[in-house]
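Here is a short briefing for a reader new to this structure. Keep the sequence and the 3D view open while reading.

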Amino acid sequence: MSDTSTPAITCQNVWQVFGAHADSALKQALSETQSAEEAAAALRAKGLTPAVQDATFEVKEGELFVIMGLSGSGKSTLIRCISQLLPGTGGDILIDGENIRTASPKRLIELRRNKLGMVFQHFGLFPHMSVAENVAYPLRVQGMRKKGRLAKAQQVIELVGLGGREKNFPRELSGGQRQRVGIARSLVADCSVWFLDEPFSALDPLIRRQLQDEFLDIQAKLKTTIVFITHDINEALKLADRIAIMRDGKIVQIGTPSDIVLNPVDDYVREFSKDVAKGQHAHVASVMQTGGDLSHGPDDPGLRRDMTLDAALARCMELYEPVPVRDENGALLGVVNPADLAAALQVDPAA
Ligand SMILES: Nc1ncnc2c1ncn2[C@@H]1O[C@H](COP(=O)(O)OP(=O)(O)OP(=O)(O)O)[C@@H](O)[C@H]1O
C-alpha cells in the first residue's frame with residue numbers, strides 16, 4: 001500500500017438517519033445548525049436516530065481499514081451505507097471515483113456482482129448446495145459456464161484451506177469451516193473492495209486466530225481493499241493498516257494501530273486499548289524524529305522503523321543519547337531518543 005495511491009473509497013459528510021422523513025429532517029437540521037453535533041442533537045430531539053453522522057474519510061487501494069466501536073456506535077450502518085445496502089441520507093460515497101449514491105439500481109447490481117464483496121457474521125449458505133456449488137454461486141450469477149466456475153471455485157477453496165471438503169454440505173461443516181465457505185464465496189468473484197462485518201466473532205479464540213492469520217495471507221496475495229468491522233481491539237491491531245473508532249454515530253479517531261494505542265484522542269479510545277501491550281503494537285516510526293537536527297550518539301543499536309517498541313527498548317536499555325534509525329541499506333531515516341521510547345511505554349528508565 002502506498003500513501004500516494006488513489007482512494008478506493010471516499011466518504012464525504014456521509015449521514016444515515018433512521019426515522020420518519022429522515023431526508024428532509026436532515027436537510028433542515030443541517031441548515032439550522034452550525035455543526036454536525038448540533039444537527040445530530042436536533043435530529044434526536046425530533047425522535048430520529050442519526051446512526052452515522054458526517055463521516056468523512058478515505059480508504060486507500062489495497063488498504064485494510066478496520067472500523068471499531070461499542071455496540072450501537074454505527075459500525076454496521078456505516079459499512080452498509082458504503083456498500084449501498086442502505087441508501088445513506090446525506091453526503092457522497094465514491095468507489096474508485098464513482099459516486100455510488102447516485103448510481104442506478106442496474107449499476108448497483110453490476111457493482112455488487114463484480115466489484116463489491118461482502119461477508120457478514122451470519123451469512124446464509126445455501127443448505128442444499130455443496131461447498132463447491134456454494135462457492136461457485138456468484139460466478140453462476142455472472143453467467144460463467146459450469147466447468148470454468150467449478151475450476152475457479154476450486155482454487156479459492158484451496159486458498160481458504162477447505163481442499164477435500166468440496167462435496168460436503170454446509171450442515172456437515174463446523175462453524176469455522178462454514179465461515180471459510182462464506183469467505184471463499186465472496187472472494188471468488190474477484191471483488192476489488194471487500195466488506196466484512198465481524199466475520200470471525202462467533203468462533204472460538206483458537207480458530208479465530210488461525211482464520212485471522214489465513215486472512216492476512218489472503219490479503220497479502222490478493223491486495224484487495226478491505227473494510228472490516230470488529231469490536232475486538234486485538235483483532236483490529238493485528239489486521240489493520242488503519243483503524244477508525246466510532247462512538248454514537250461519529251468517527252472519533254482514525255489512525256494506525258500505533259496512533260490508537262499511543263495517542264488516543266480521548267478516554268473512550270483510551271479505554272479500548274488500556275489492556276493492550278503497547279510495546280508489541282507500536283513501532284519505532286511512531287517515536288522517531290525525522291526532521292531538524294538528526295545528530296546522534298556513537299552507538300548504533302540497529303533500530304529499524306518497523307521494529308516494535310519492545311524490541312527497540314530492549315536494544316536501548318543502557319543508552320541515553322539519541323540513536324539512529326536506518327533502512328536496510330544503512331541510510332539514516334531518523335533518530336530516536338531512548339527516553340522517548342521509555343516514555344511511550346511508560347517505563348521508568350531509572351528503574
Ligand atoms: N434499520 C434501523 N432502523 C432504526 N434504527 C436502526 C436501524 N439499524 C440500526 N439502527 C440504530 O442505529 C444505531 C447504530 O446501529 P449499528 O447496528 O450500526 O451499530 P453497531 O456499531 O454495528 O452495533 P453492533 O456492534 O451491536 O452490531 C443503533 O442505535 C441502532 O439501534
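**Strands, helices and two unusual residues**

Strand 1 (residues 7–18) pairs with strand 4 (residues 90–95) in the antiparallel sense, over 5 bridges. The model is predicted. The points below start with the sheet, move to a pair of helices, and end with two backbone angles.

**The sheet**

- Strand 1 and strand 4 belong to an open sheet of 4 strands, with the order 2-1-4-5 and antiparallel pairing.
- Two strands form the edges: strand 2 (49–60) and strand 5 (98–99). Each of these pairs on one side only.
- One bridge can be picked out by residue: Q12 has D92, in strand 4, as its bridge partner.
- Helix 2 (residues 36–45) packs on the sheet. Helix 2 touches strand 1 and strand 2. The direction of helix 2 makes about 145° with that of strand 2.

**Helix 1 against helix 2**

- Helix 2 also meets helix 1 (residues 22–32): their axes come within 8 Å.
- The two axes cross at roughly 135°. Angles from 65 to 115 degrees count as roughly perpendicular and those over 145 as roughly antiparallel, so helix 1 and helix 2 are oblique to each other.
- The crossing of helix 1 and helix 2 is right-handed.
- Helix 1 makes the contact with A25, L26, A29, L30 and E32. Helix 2 brings A39, A42 and L43.
- Of the residues in this contact, 7 are nonpolar, 1 is charged and none is polar.

**Two residues with positive phi**

- Most residues other than glycine have a negative phi.
- Which value does phi of D54 take? Phi of D54 is near 55°, a positive value in a residue other than glycine.
- D54 lies in strand 2, which is an edge strand of the sheet.
- Is D54 buried or exposed? D54 has 21 C-beta neighbours inside 10 Å, and 20 or more count as buried, so D54 is buried.
- E198 also has a positive phi, near 45°, and is a residue other than glycine.
- Where does E198 lie? E198 is in the loop between strand 7 (193–197) and helix 8 (205–222).
- E198 has 18 C-beta neighbours inside 10 Å. Buried needs 20 or more and exposed needs 12 or fewer, so E198 counts as partly exposed.

Conventions
Residues numbered from 1 in each chain as written. Predicted model: local features only at pLDDT ≥ 70, side-chain atom pairs only at ≥ 80, totals over all residues. Pairing = 2+ DSSP bridges. Contact = placed C-beta atoms within 7 Å. Axes fitted to C-alpha atoms, helices over the stretch in contact; angles between N-to-C directions. Parallel < 35°, antiparallel > 145°, perpendicular 65-115°, else oblique. Left-handed = near helix turned anticlockwise from the far one by under 90°. Nonpolar A, V, L, I, M, F, W, Y, C, P; charged D, E, K, R; others polar.
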